[in-house]
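Here's a quick briefing on a couple of strand arrangements worth a look. Have the model open as you read.

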Amino acid sequence: MENLDKLILELCKLPDETGWVEFKHNNCDPKMIGEDISALANSAIIADRSHAYMIWGVDDATHEVVGTKVRLKQEKKGNQELENWLCYLLSKNADFEFQSVDIEGKHIEIIIISKSIGVPVSFEKIEYIRVGSYTKKLMEFPSLQAQLWDRLRHEQFEDTYAMIDLQFEDVIRHLNCEAYFESLNMPIPTSPERFAHYLQEEEIVVKQDNGLYAITNLGAILFAKRLSDFPRVRRKAIRVVQYEGNNRLTILKEDTANEGYAISFENAVKLVNNLLPSKEDINSIRRKTLSTFPLPAIREAIANSLIHQDFFLTGTGPVIEIFENRVEVTNPGTPLIDIMRIVDNPPKSRNEKLASIMRRLNMCEELGRGWDRMVISCEVQKLPAPRIQIYQESTKVSLFSHLEFANIPMEDKIWSTYLHTCIKFTEGDALTNSSLRERFGLPETSAGSISRLIKEVLGKKLIRPLDPNTAPRYMRYIPIWA
């Protein structure tokens with residue numbers, strides 16, 4: 001971190017220890033550190049601070065720089081490094097980093113702690129808070145607990161500061177601001193004032209009370225030249241992994257982007273498209289290579305993983321995994337809407353500002369059309385529908401290459417049939433035996449197989465007849481919720 005010595009000297013000027021700063025000399029008890037990280041992270045949001053600090057080498061009474069013997073990166077709990085031990089016992093939204101600096105020949109150690117976001121930070125599943133200069137269990141102070149939750153409910157990840165106290169030239173050094181203007185086909189302003197005006201209007205940067213600038217998480221995640229410069233979002237970089245065959249035994253290629261999404265999104269889509277298995281179109285007059293996967297669906301799946309991820313979950317980000325027979329796109333967080341209504345429901349995003357800018361930058365489809373486009377592009381190529389799997393803290397979307405109808409697993413046949421019914425309904429139509437045969441690319445002689453599949457889907461109570469009194473041969477079906 002730049003200007004770490006100046007930061008510490010400024011904190012030393014505080015008249016007393018506060019809820020967001022704690023000074024220590026040589027006490028480095030791991031359990032005490034874990035409890036204090038929880039307390040300081042939670043107190044920081046009440047104090048309206050973006051960060052809290054634990055500082056070793058400063059006298060807690062006089063705030064005089066005295067130096068310390070502590071070396072945080074060398075400390076261990078048992079056989080485990082202190083940092084890893086803390087990460088294991090702190091809640092997943094805990095975000096902190098170890099730093100050190102020498103001031104006038106005296107060694108200082110510091111833990112920089114991001115304020116709690118989403119939910120209170122806990123240690124060993126207990127939430128703590130600072131009361132005066134003491135660390136206490138949050139549950140013992142109902143009024144502070146209520147105040148903390150009120151702040152958390154109104155906190156947005158995009159608005160939180162990723163970097164503070166910057167001159168505008170430092171902002172330009174950290175952000176690829178030209179990409180913003182180029183994507184919107186706008187001329188790049190010639191004066192810093194006009195430049196800053198647009199970035200502030202988009203809340204990419206914020207002007208602080210001291211006249212300096214802060215880069216928001218929104219600005220960092222979209223326009224960072226190096227995401228690694230921003231501790232809070234560096235693990236949110238897009239990662240692409242290609243495997244040999246259909247399992248994870250052998251990695252052929254791995255790439256992690258270090259730029260913000262405004263740059264790395266297009267690069268990731270191009271990289272994935274280049275790595276996808278392809279075949280030559282023998283019916284084309286000119287030689288033409290066709291992807292075995294629907295490219296619009298690939299693009300939408302990647303865009304959705306960025307827009308809808310839960311940034312409050314630290315230590316993980318969007319991952320695109322390429323196998324011979326499928327592509328899996330995983331993001332932290334679970335959907336905010338029922339996946340059974342993912343085609344027709346109005347979209348809902350936990351990151352509305354990010355979604356808005358990405359759409360205006362033409363990085364993804366218009367609001368609400370993404371999943372429709374994914375499903376339809378799979379149907380056009382007669383492929384199984386995109387599969388959604390929801391885990392405790394993540395969502396995975398799988399896209400499959402061509403499979404003969406007989407080889408498609410029954411659960412994927414049922415899911416494909418259900419989504420086909422939803423698409424038909426949104427178009428003002430209904431599923432029929434004929435439309436489902438066409439969807440899977442089957443001849444009329446397969447009508448019996450399709451009838452049995454429809455019966456299976458009916459048995460799962462996913463669809464229902466539009467008119468139960470219609471003759472079986474002319475039966476039409478709509479989603480169960482319609």
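In which sense do strand 7 and strand 8 pair, and over how many bridges? They pair in the antiparallel sense, over two bridges, with strand 8 covering residues 126-131. Keep in mind that this is a predicted model. The notes below take that sheet, then the neighbourhood of strand 18.

**The sheet with strands 7, 8 and 9**

- This is an open sheet of three strands, ordered 7-8-9, with antiparallel pairing.
- Strand 7 (122-123) and strand 9 (134-137) sit at the edges with a single partner strand each, so one side of each has no neighbour in the sheet.
- For a residue to click on, try F123: its bridge partner in strand 8 is I126.
- Helix 2 (residues 30-46) packs on this sheet and touches strand 7, strand 8 and strand 9. The helix direction makes about 70 degrees with that of strand 8.

**Strand 18 and its burial**

- Seven of the seven residues of strand 18 (residues 326-332) are buried, so the strand is largely enclosed by the rest of the structure.
- Both of its faces are covered. On one side R326, E328, T330 and P332 are buried, and on the other V327, V329 and N331 are buried too.

**Partners of strand 18**

- Strand 17 (residues 319-322) pairs with strand 18 in the antiparallel sense over four bridges, and I320 stands opposite V329 in strand 18.
- A hairpin of three residues links strand 17 to strand 18.
- Strand 20 (residues 394-400) runs antiparallel to strand 18, and seven bridges join the two.
- In that pairing, T330 stands opposite K396 in strand 20.

Key. Residues numbered from 1 in each chain as written. Predicted model: local features only at pLDDT ≥ 70, side-chain atom pairs only at ≥ 80, totals over all residues. Heavy atoms only, no water. Pairing = 2+ DSSP bridges. Contact = heavy atoms within 4.5 Å. Axes fitted to C-alpha atoms, helices over the stretch in contact; angles between N-to-C directions. Buried < 20%, exposed > 50% of the residue type's maximum accessible area, 1.4 Å probe, protein only.
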